[in-house]
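Hi everyone, thanks for coming. Let's take a look at this one together, and please keep the picture in view while I talk.

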Amino acid sequence: MTTRATSRSSILRISLSLITLAVVVAVGFIARRLATREIDPSVPDVPATAELVAQGEYIARAADCAACHTQPGGKPFAGGVAFKLPFGTLYSTNITADHETGIGQWSDDDFVRALHQGVAKDGRNLYPAFPYTSYTAMTRDDAVAIKAYLFSLPTAHAPDTPDQLPFPFNQRWTLTFWKWMFLDEHRFRADPARSGSRNRGSYLSTALGHCGECHTPRNILMGMSTGKAFAGAEVSGWDAYNLTSDPASGLGEWTDTQLQQFLSTGHAENHGPAAGPMADVVENSTRYLTPEDIQAMVIYLRGLPAQSGGYKIQAAAPPASMDSRGRRLFVQACTGCHLLDGEGRQSPWAALRGDRSTRESSGTNVVQVLIQGSQIETRQGSMFMHSFADGYSNEELAAIGNFVIGQFGLRQGAITPEQIRAQKASVAR
């Protein structure tokens with residue numbers, strides 16, 4: 001019996017050793033393959049002409065690089081922006097040309113590899129908070145142009161802020177397997193059956209604008225659920241709405257003009273203003289695009305297959321009884337900018353009639369705006385709403401939010417003081 005048990009134990013140890021060896025070999029093979037593809041040391045960097053830098057500036061804006069790599073009030077592209085995720089906090093890196101703390105020693109190949117394969121110059125895997133799963137479709141020419149633009153700007157000495165990730169999420173080598181499952185590495189593939197404008201819009205919205213990274217739900221491993229592409233998701237506590245043509249929860253009721261207006265200015269007639277992360281997108285990216293490119297994006301979005309997701313837009317009467325306290329507080333605190341008929345007093349960016357966030361009973365984005373405020377830079381100046389978190393109790397903020405949903409969204413709000421309290425705590429972390 002002892003001999004037989006010992007034999008079984010030895011077989012088990014040998015089997016485990018073989019499995020471990022196979023895993024190590026597989027990891028090494030995949031990592032080496034990812035790290036060496038498309039890298040040719042004999043290819044020199046492209047000279048940074050004025051034309052290339054100008055192209056890079058436009059592409060960098062279309063790709064919304066500033067929103068993730070520039071802190072409010074900080075030096076452009078110096079990094080340090082926090083990304084609060086379910087498993088910890090990541091911080092964006094310095095992508096100025098500083099030689100010690102930025103990417104000043106990166107070659108064109110190094111930069112392209114980061115965008116296409118999610119691998120840094122030193123061979124480390126990059127976390128997919130950097131959206132290389134979308135940027136992988138970017139052309140090499142556009143990637144090199146972005147690098148030329150970044151290298152033309154003033155440098156910033158800004159060491160990276162250490163990420164705050166527990167084990168095993170702090171083990172970057174595990175991302176090799178994640179990429180094997182979720183990184184479809186390829187350049188953009190134009191659809192010959194589609195018009196040039198629609199293909200251009202697809203490239204702008206996916207390879208550059210990476211809209212799906214926020215507007216597509218994710219699976220348990222944080223990979224995008226491609227079967228529900230653009231159907232809406234939650235990002236950093238904000239609802240990123242359904243972008244498909246679904247008439248109930250998507251963009252089916254928007255006109256082309258309204259979509260173009262929203263992407264160009266951050267506001268659309270009868271649909272309210274952009275807020276939160278979407279305001280950052282408009283401010284740093286889409287408002288700089290040409291009318292032709294904005295139109296191309298609208299054409300692409302219009303062609304997305306309808307996906308149900310998020311709240312349903314339905315005609316409804318105002319709730320039978322709205323909290324009188326909420327109305328009183330709104331009149332006292334909010335009507336200096338937001339009129340009760342849904343118009344903005346001084347600016348259309350303050351109009352709440354038709355605002356998507358008010359038509360969601362849970363009030364997720366209404367709560368975010370009440371607690372964090374909202375700001376967007378426009379061609380008409382800065383449109384700003386300050387935070388109300390410190391001036392009112394949780395009960396009062398819930399009452400204001402529910403009144404807004406009832407008055408402008410024509411549905412019963414379900415915001416609770418506990419929801420306000422939890423969101424305040426989340427923002428404070």
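**Two helices that cross**

Let's begin with helix H8, residues 196-208, and helix H12, residues 291-302, which pack at an angle of about 90° with their axes 7 Å apart. Helices here are DSSP runs of H or I with at least four residues, numbered from the N terminus. The axes are lines fitted to C-alpha atoms over the stretch in contact, and angles run from 0 to 180 degrees between N-to-C directions. H8 and H12 are therefore roughly perpendicular, a label for angles of 65 to 115 degrees.

Among the residues in this contact (heavy atoms within 4.5 Å) are Arg198 and Leu204 of H8 and Met297 and Tyr300 of H12.

A word on the source: this is a predicted model, where local features need pLDDT of at least 70, side-chain atom pairs count only at pLDDT 80 or more, and totals for chains, interfaces and linings use all residues. Residues are numbered from 1 along each chain as its sequence is written, and side-chain values use heavy atoms, leaving out hydrogens and water.

Now to helix H4, residues 108-117: ten of its ten residues are buried, meaning under 20% relative accessible area, with exposed over 50% and partly exposed in between (1.4 Å probe, protein chains only). Just after H4, glycine 118 has a positive phi of about 70°.

How many disulfides does the structure hold? Zero, counting pairs of cysteine sulfur atoms within 2.5 Å. For cysteine 214, the closest cysteine sulfur is in cysteine 68, 7.8 Å away, so that is too far for a bond. Cysteine 214 is partly exposed, at 30% relative accessibility.

Key: Helix = DSSP H or I, 4+ residues; strand = E, 2+ residues; numbered from the N terminus. Parallel < 35°, antiparallel > 145°, perpendicular 65-115°, else oblique.
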